[in-house]
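Here is a short round of questions on one protein chain. Keep the sequence and the model open while you read.
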Amino acid sequence: MTDTTEADIRHIYERWHATVRGRDIDGLTALYTEDAVLESPLVFVESGGGASGILRGKAAIRRFFDASLRKPGSVLGRWYRTGAFFSDGRQLVWEYPRATPEGDQINLVEVMDLAAGLIAHHRVYWGWVGFRALAPGLNGPVG
């Protein structure tokens, strides 16, 4: 992995959040390398348990975001975050905390390995509120 500039890191941090909230699939997938990897329990649940939870390549990541973000009633409704993030130039990390000013939300930790200003490997860790939202889908896709 190559180092990414502070401006690139801030760009990814801001744009990822804005494009997810705005359900801007083109803008979101533009942040990923062509051979990016995405790992998330939501990938596993959305596949009906028939996949590993790991997507490889920008095209697969795009299809996943397109399907999951366009669903009415998606479990990923709120996207509150504190504005704090951590990066060493190669990795970017932030949290969508459980407790928000409007009450509980699905709690996630986003971990991204960066390469040349893009996301090369993205891992999403789900907290207990998130797990509870995913659990019913373990027998099929969640809505």
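Helices (H or I, at least four residues) and strands (E, at least two) are DSSP runs, numbered from the N terminus. The model is predicted: local features need pLDDT of at least 70, side-chain atom pairs count only at pLDDT 80 or more, and totals for chains, interfaces and linings use all residues. Residues are numbered from 1 along each chain as its sequence is written, and side-chain values use heavy atoms, with hydrogens and water left out.

Q: What pattern does the chain follow along the sequence?
A: The chain holds five helices and eight strands. Read along the sequence, they give α-α-β-α-β-α-β-β-β-β-β-β-α.

Q: In what order do the six strands of the open sheet lie?
A: Strands pair if DSSP finds at least two bridges between them. The pairing in this open sheet is mixed. β2 (54-56) and β3 (85-87) stand at the edges with a single partner strand each, so one side of each lacks a neighbour in the sheet. The order is β2-β1-β8-β7-β4-β3.

Q: Which residue in β2 is the bridge partner of E39?
A: β1 covers residues 32-39. Three bridges join β1 to β2, and the two run antiparallel. In β2, E39 has as its bridge partner I54.

Q: Which residue in β7 is the bridge partner of L92?
A: Start on the β3 side: three bridges join β3 to β4, antiparallel, and S87 is bridged to L92. β4 also pairs with β7, antiparallel over six bridges. There, the partner of L92 is M112.

Q: Which residue in the hairpin of β3 and β4 takes a positive phi?
A: The hairpin has three residues between the strands. The phi in question is near 95°. The residue is G89.

Q: Which residues make up the covered face of β4?
A: β4 has two faces. The uncovered one carries Q91, V93 and E95. The covered one carries L92, W94 and Y96.

Q: What angle does the direction of helix α4 make with that of β1?
A: Contact here means heavy atoms within 4.5 Å. Axes are lines fitted to C-alpha atoms, for helices over the stretch in contact, with angles from 0 to 180 degrees between N-to-C directions. Helix α4 (residues 58-69) packs on the sheet and touches β1 and β2. Its direction and that of β1 make about 55°.

Q: What is the positive phi of A116, which is not a glycine?
A: A116 sits in the loop between β7 and β8. It is exposed at 61% relative accessible area; the classes are buried under 20%, exposed over 50% and partly exposed in between (1.4 Å probe, protein chains only). Its phi is about 50°.

Q: Where is R23, buried, partly exposed or exposed?
A: R23 lies in the loop between α1 and α2 (25-29). It has a positive phi of about 55°, although it is not a glycine. Its relative accessibility is 30%. That counts as partly exposed.

Q: How far apart are the closest N and O atoms of the salt bridge between R62 and D26?
A: A salt bridge is a side-chain nitrogen of Lys or Arg within 4 Å of a carboxyl oxygen of Asp or Glu. R62 is in helix α4 and D26 in helix α2, 36 residues apart. R62 is partly exposed at 34%, while D26 is exposed at 51%. Their closest N and O atoms are apart by 2.6 Å.

Q: Which residue forms a salt bridge with R123?
A: R123 is in strand β8, and its partner is in strand β7, ten residues apart. R123 is buried at 12% relative accessible area, and the partner is also buried at 12%. The closest N and O atoms are 3.1 Å apart. The partner is D113.

Q: How many salt bridges does the count come to?
A: D88 and R90 meet in one, at 3.7 Å from N to O. R10, E14 and R81 are linked in a network of them. The count comes to eight.

Q: Which residues does W128 touch, not counting those up to four places away in sequence?
A: W128 lies in helix α5. At 48% relative accessibility, it is partly exposed. Its C-alpha atom is 9.2 Å from that of L108, 20 residues apart along the chain. The residues touched are R98 and N107.
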